[in-house]
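Please look through the structure shown here, and follow its strands, its nonpolar cores and one histidine in turn.

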Amino acid sequence: MNRTDRLTGIILALQNRRQTAAQLADRFEVSRRTILRDVDALSQIGVPIVALPGAGGGLELADNFWLQPIHLTSAEAAALLLAARSLTAQPDAPLAGPGQSAVEKLRAAIRPGVWEEAERGLGQVRMSPPRHTNRLGHFQVVHDAVTSGRWLRIEYQSLRRAASHVIRPLSLSEVDGFWYCSAVSYETRSERQYRLDRMTTVTPVLTPDDAEEVVREAAIPGSAYDDSSHPEVLVLLTYQGARMAEDLPHLGETIHQADVSTWELRFRCPPGELAYWARTFFGFGPHARVVAPPDLRAMIRDLIRSVAAIYCGGPEDGDVPVSPFSQ
């Protein structure tokens with residue numbers, strides 16, 4: 001924390017209640033002598049800080065002094081508080097520290113009573129904290145690489161295998177409780193997505209000699225996801241399957257009802273994505289039937305055989321349920 005932020009923080013802290021120099025020193029992680037110098041600097045610019053001696057004494061602001069309040073409505077304060085809760089729900093979340101500090105500054109700066117009204121309005125609102133925050137020990141290193149342009153070597157556990165990658169992180173995003181890093185892959189010379197909780201080790205490395213060329217190649221637009229040259233996927237869905245498919249990224253709004261009991265999902269995707277869609281529609285069980293392309297149907301059949309080999313073949317096996325699409 002720089003000195004300007006600390007001076008503002010001291011005013012906000014004293015606005016809430018009387019505090020000793022030792023308490024302020026602990027709060028801002030500096031020495032008591034530094035706090036006393038800061039108090040002297042604030043006094044010189046006209047901030048009326050009063051020092052009360054003896055037991056129960058300390059530092060406080062004069063009664064008539066208050067920072068100009070931020071004129072937020074209770075609804076605006078509630079919106080900010082709700083956003084802050086997503087950052088501070090778990091102490092080990094990546095932005096928990098700055099988020100809590102921001103909440104304290106906002107609370108001290110807005111008009112008295114507004115914050116309390118906002119908290120009452122959110123009294124019955126519940127949020128699920130982001131998952132896997134205990135596995136985001138590399139968040140700060142990756143974030144620093146995004147802002148500084150550093151290259152990293154990561155050991156990464158994808159769904160299929162563990163491997164080493166050299167990447168140039170570009171941005172960070174949080175989706176459904178998972179943090180993702182968009183980065184240039186040195187090996188593939190393309191932009192890829194990496195989940196932070198799947199990074200087991202992260203190490204800064206020297207910038208490759210051909211880094212500019214790699215980044216330039218990665219920025220060249222490729223075919224669109226739904227390019228007309230890509231295979232067309234056609235999936236028939238039951239009512240339950242249609243409800244499940246509504247949550248598919250970018251595809252939920254493309255579902256339409258084909259007849260009284262069947263819904264249809266039709267889209268194009270790169271051939272390399274078919275394995276992902278095979279796992280997705282396999283997870284729909286009897287509520288999805290892939291009609292095309294043949295390669296996707298073959299992948300799902302392979303998944304079915306591999307699972308059947310685990311569960312079928314014993315005397316305890318019962319009758320195989322009938323697919324709703326065969327009725």
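The paragraphs below go from the sheet to the cores and then to a single residue.

This is a predicted model, and a convenient place to begin is its open sheet of 4 strands, which are arranged in the order β9-β10-β8-β11 with antiparallel pairing. The edges of this sheet are formed by β9 (256-257) and β11, each of which pairs on one side only. Between β9 and β10, which run antiparallel, there are 2 bridges, and at this end of the sheet H256 stands opposite E264 in β10. A helix also belongs to the picture, since α11 lies across β8 and β11 and runs at about 140 degrees to β11.

Several of these elements meet again in the largest nonpolar core, which has 21 residues and in which L237, L265 and F281 have the most contacts. Two or more residues each are given to this core by β8, α9 (239-245), β10 (263-268), α10 (274-282), β11 (288-292) and α11 (294-311), with the largest share, 4 residues, coming from α10. Apart from this core lies another one, of 16 residues, including A13, L14, A21 and I49. In soluble globular proteins, nonpolar side chains tend to be buried together.

The histidine to consider last is H230, which is placed in the loop between α8 (211-219) and β8 (232-237). Is H230, in this loop, buried or exposed? Its relative accessible area is 11%, which is under the 20% limit, and H230 therefore counts as buried. Leaving aside neighbours within four places in sequence, H230 is in contact with S223, A224 and Y225, and also with R268, C269, P270 and P271.

Conventions: Residues numbered from 1 in each chain as written. Predicted model: local features only at pLDDT ≥ 70, side-chain atom pairs only at ≥ 80, totals over all residues. Heavy atoms only, no water. Buried < 20%, exposed > 50% of the residue type's maximum accessible area, 1.4 Å probe, protein only. Contact = heavy atoms within 4.5 Å. Core = buried A, V, L, I, M, F, W, Y, C linked by side-chain atoms within 4.5 Å. Pairing = 2+ DSSP bridges. Axes fitted to C-alpha atoms, helices over the stretch in contact; angles between N-to-C directions.
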